[in-house]
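Hi,

Here's the model I said I'd pass along. Have a look at it first, and my notes on what turned up are underneath.

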Amino acid sequence: MTVTIERDATRTLTVPPEARRTPRPRNGGRRPLISYGHWWWALPAIVLVIGVHYAATLTGGFFAFTNWTGLGDWQFIGLDNFVRIFKDPTLLGSVWNTLFLAFGTVIITNIIGLGFALAINRTLKSRYVLRTLLFLPVVLSPLAVAYIWKFIFQFNGPLNGFLVLIGLPDLQKVWLADPTWSIWAILVTVVWQQTGFVMVIYLAGLASVPVEIEEAAALDGANIWQRFQHVTVPAIRPSIAIATTLGIIQGLRIFDQIFALTGGGPAGATETLATQVYKQAFSLGQFGFGSALALVLTLIILVFAIIQQYATRDRDAVGRA
Amino acid sequence: MFRYTKLTAVREAFIWLVTLIWLLPFYFLIATAFKGDQEALTTSAVTPPKSLDFNAFIQVLTATGRNNIPLSILNSIIITAGAILGLVLFGSLAAYVITRRTRTWTNLTFYLVLIAIILPAQLGTVPLYIGARSVGLTGNAVGMILLWIGILLPLSVFLYASFFRGLTTEYEEAAVIDGASPTQAFFRVVLPLMAPATGTVAILAGLIVWNDFFNSLIFLGGSTTQTLPVAMYTYVGGLVSAWNKIFAVVIISMVPILLFYMFAQKKFIQGFAGGLKG
């Protein structure tokens, strides 16, 4: 009906402008022309997500309050598992190691990763080659990377060789068997593997900084540091948020590298919650106790993820204002 | 303003130097793997091999029993391919329905998926293992594939959903007007248009599944179906300071993923940056 009105030149004049702008009534009042897929297409995904994520997590949360060993009977024992965790110095130490590795990795990878990103961001002719090379460790399996570093840290390895070369032979040690240094060795391994990942996040962020603004700031007499502080950092805030959030979540779960480098030793000096969950639940068959450790790890991850979300949301708003 | 000057050239040379030092571990890896047994023990890591000795590689590739590396590569390929196939199929179907149909339940499903991405997986591992064990899904590829599809589906649905939101409905409408059923419209028209999303899902999921050690160790532990990282762990555990052999295993384990990386490195890096931004 409206179509005829629009085409009738004499009648169009009488139609007020706002009425003329109404969309053509293609689907108006009728059944939708197209049905987009069938509802049951989503069913396998819904079942798997509920089963693997929700049901499993809830069951695990319940196990945490039992003394189940995986076979036979079990009892509900309340908070006993948690009391045991916080009374055992090795387990408490593993909580500290988990936090140390997570925060250590995040801080160091972000500093070096941002440094690399800034260094190869613009003007360099070989920046794509450099980006490809520096990202390389990210795609390798953490286990394989750990074996390379195990070689570097052994007593006859390149690290001790380097110390002799620069005239510091007294600093030589068996790095992975030294209770103070073994956790630093793991930190170095993890940092080496993950820095490229952080760098790529920052490169994506830096690509969104308009050259004109930086040039304008430079013309106004801002030096490199001032430009970085007032132009670059505000622009890459979302990247900082992503890099640190993912880094903390990943860092709290570090498992492969520890298993390959030290197996948790020497004398539990490099145990983390992740390695303890594996040992208690799957090596010792203490499913209830292992679940309690997993619950502690989960709560730590959730707490930091939430803090991180709030912190970055605030800064985002400030950045936009 | 920011032109390529002499200073930039100096800077470029310096950054190359830093990069080469950063990548030094790869040199140790390659140099040692090509040394003979005696040479690997006696020479320093910095010395290049006198001549290329392939014995370490031959020994690693012909080891039998639980150290069968070629078999573990095959297992890894089967599990990774199966998981990617399932993630692409189920993830795209679910995301399509969720984004294209606007009902209450589709919104709820989207939040269900979104929360599952944030939900840490550790706590579910023990119950999943017990559940899988009781129905015979531990120690075989089928169980592992199902487990991975379940674990990574939220990521897949989320990535597909953000791509579908950006895709106009005109193509499907045209297909349906031309007489295609919803199924035909999806598989013949929509899914081919989704190649970039499928690439991102395949790269992210493929990398996670291929490199995983923790889940394979638990769900395949003690069985003859081993993935590459678990086989490498078992094999290396049996060698003492035979670094040429250890590094031969490490290099063999890296070759497939490195080939893939070199072939698709641009997509790889974009997939990472794009997938994260969602």
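A quick definition before the counts: a polar contact here is a pair of N or O atoms within 3.5 Å, where, within protein, one must be able to donate a hydrogen and the other to accept it. Also keep in mind that this is a predicted model.

On that basis, chain A and chain B share 15 residue pairs in polar contact, counting pairs with both residues at pLDDT 80 or more. Salt bridges are another story: the rule finds zero across this interface.

The interface itself buries about 8400 Å² between the two chains, and carbon and sulfur atoms give 79% of that. Chain A brings 91 residues to the contact and chain B brings 86. On the chain A side, the residues losing the most area to chain B are A:Tyr36, A:Trp41 and A:Tyr147, together 10% of what that side buries. Helix 4 (residues 43–63) of chain A supplies the largest share of that side, with 15 residues. Sorted by class, the chain A side has 64 nonpolar, 17 polar and 10 charged residues.

Now the pocket. The second largest one has a volume of about 1000 Å³. It is lined by 41 residues, and the closest to its centre are A:Trp149, A:Ile152, A:Pro158, A:Leu159 and B:Phe28. Both chains give helices to the lining: among them are helix 8 (142–153) and helix 9 (158–165) of chain A, and helix 2 (24–33) of chain B. The lining residues split into 29 nonpolar, 11 polar and one charged.

Cheers

Terms used
Residues are numbered from 1 along each chain as its sequence is written. Chains are lettered from A and ligands numbered from 1 in the order in which they are written. This is a predicted model: local features need pLDDT of at least 70, side-chain atom pairs count only at pLDDT 80 or more; totals for chains, interfaces and linings use all residues. Side-chain values use heavy atoms; hydrogens and water are left out. On a 1 Å grid over the protein atoms alone, a cavity is a set of points where a 1.4 Å probe fits but cannot get out, and a pocket is an open set with protein on both sides within 12 Å along at least five of seven lines; lining residues have an atom within 4 Å of a point. Grid points are joined across faces, edges and corners, and a volume is the space filled by probe spheres set on the points. Helices (H or I, at least four residues) and strands (E, at least two) are DSSP runs, numbered from the N terminus. Ala, Val, Leu, Ile, Met, Phe, Trp, Tyr, Cys and Pro count as nonpolar, Asp, Glu, Lys and Arg as charged, and the others, Gly among them, as polar. Contact means heavy atoms within 4.5 Å. Buried area is the accessible area (1.4 Å probe) that two parts lose on being put together, summed over both. A salt bridge is a side-chain nitrogen of Lys or Arg within 4 Å of a carboxyl oxygen of Asp or Glu. A polar contact is a pair of N or O atoms within 3.5 Å; within protein, one must be able to donate a hydrogen and the other to accept it, and residues adjacent in sequence count only if both atoms are side-chain atoms.
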